[in-house]
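User: I'd like to go through this model with you, one question at a time. Keep the reasoning brief and finish each reply on what I asked for.

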Amino acid sequence: MNYKYILFSILIFLLGQSVVWVQTNGPLIWPWAKTYRWALMLLGVPITWMFMEATRFAVEGFNGVFWPGRFVSFVSGITIFAIMTWVFRDEAINMKTLVSLALAFILILVQLFWK
């Protein structure tokens, strides 16, 4: 396992998921995002590149295995969604969401440390 590549993968997935959150939820929240939806659609190209690179780093970091990278992508997505929805929509992270997030992080720990 190459932890440096795994860390790069996580960081890029987090960035990509953040941009996706703005792209898909922004028009429902902010007038500027509703006005410039076409600009948000153009973000699809760099978002795709970010996810492709994050996937490449994940596969390299996990010694050529694809499944761990999929879990990293899932966990980063659910984490960013929970945080950004809380920050921008004031939707609190209740106990059910907190347990779900904890289980998501356990997925990553299993992939990292289960031999």
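User: At which residue does α1 bend by about 35 degrees?

Analyst: This is a predicted model, where local features need pLDDT of at least 70 and side-chain atom pairs count only at pLDDT 80 or more, while totals for chains, interfaces and linings use all residues. Residues are numbered from 1 along each chain as its sequence is written, and side-chain values use heavy atoms, with hydrogens and water left out. A bend is the angle between axes fitted to the seven residues ending at a position and the seven starting there. In α1 a proline, P27, follows the bend within four residues, and the bend of about 35 degrees is at Q23.

User: How far does α1 reach from its first C-alpha to its last?

Analyst: α1 covers 3–29 and has 27 residues. The expected span is 1.5 Å times one less than the number of residues, which gives 39 Å for α1. The model comes close to that, at 37 Å.

User: Which helices do the buried residues of α1 pack against?

Analyst: Buried means under 20% relative accessible area, exposed over 50%, and partly exposed in between, using a 1.4 Å probe and protein chains only. In α1 the buried set includes I6, F13, W21, Q23 and P27. Contact means heavy atoms within 4.5 Å, and the partners of these buried residues are α2 (31–35), α3 (37–42), α4, α5 and α6.

User: How many helices and strands are there in the chain?

Analyst: Helices (H or I, at least four residues) and strands (E, at least two) are DSSP runs, numbered from the N terminus. Read along the sequence, the pattern is α-α-α-α-α-α. That makes six helices and zero strands.

User: Which helix gives the most to the largest nonpolar core?

Analyst: A nonpolar core is a set of buried Ala, Val, Leu, Ile, Met, Phe, Trp, Tyr and Cys residues joined through side-chain atoms within 4.5 Å. The largest one here has nine residues: I6, F13, A54, F62, V72, V75, A104, I108 and L112. α1, α5 (67–89) and α6 (95–113) each supply at least two of them. With three residues, the top contributor is α6.

User: Is F13 buried or exposed?

Analyst: Leaving aside neighbours within four places in sequence, F13 is in contact with F51, A54, T55, G69, V72, S73 and S76. Its relative accessible area is 3%, so F13 is buried.

User: And F13 with F51: is that pair stacked, edge-to-face or tilted?

Analyst: Rings of Phe, Tyr and Trp (its six-membered ring) pair if their centres lie within 6.5 Å; planes under 30 degrees apart count as stacked, over 60 as edge-to-face and the rest as tilted. The structure holds nine such pairs. For F13 and F51 the centres are 6.0 Å apart and the planes are at 35 degrees, so this pair is tilted.

User: How many residues apart are F13 and F51?

Analyst: The pair links distant parts of the chain. F13 is in helix α1 and F51 in helix α4 (residues 44–61). F51 is partly exposed, at 22% relative accessible area. Along the sequence, the two are 38 residues apart.

User: Which residues does I47 touch, leaving aside its neighbours within four places in sequence?

Analyst: I47 is found in helix α4, and at 6% relative accessibility it counts as buried. I47 and L15 are 32 residues apart in sequence and 8.9 Å apart in space, C-alpha to C-alpha. The contacts of I47 are V19, V20 and Q23.

User: Which residues form the cluster linked by ring pairs?

Analyst: This cluster is joined through ring pairs. One of its members, W21, is among the buried residues of α1. The full set is W21, W30, W32 and F88.

User: What covers the buried residues of α5?

Analyst: α5 has 23 residues and reaches 32 Å, close to the 33 Å expected. Its buried residues include P68, G69, V72, V75, I80 and M84. Among the elements covering them are α1, α4 and α6.

User: Which residue takes a positive phi just after α5?

Analyst: The residue is in the loop between α5 and α6, and it counts as exposed at 64% relative accessibility. Its phi is near 55 degrees, a positive value in a residue other than glycine. The residue is D90.
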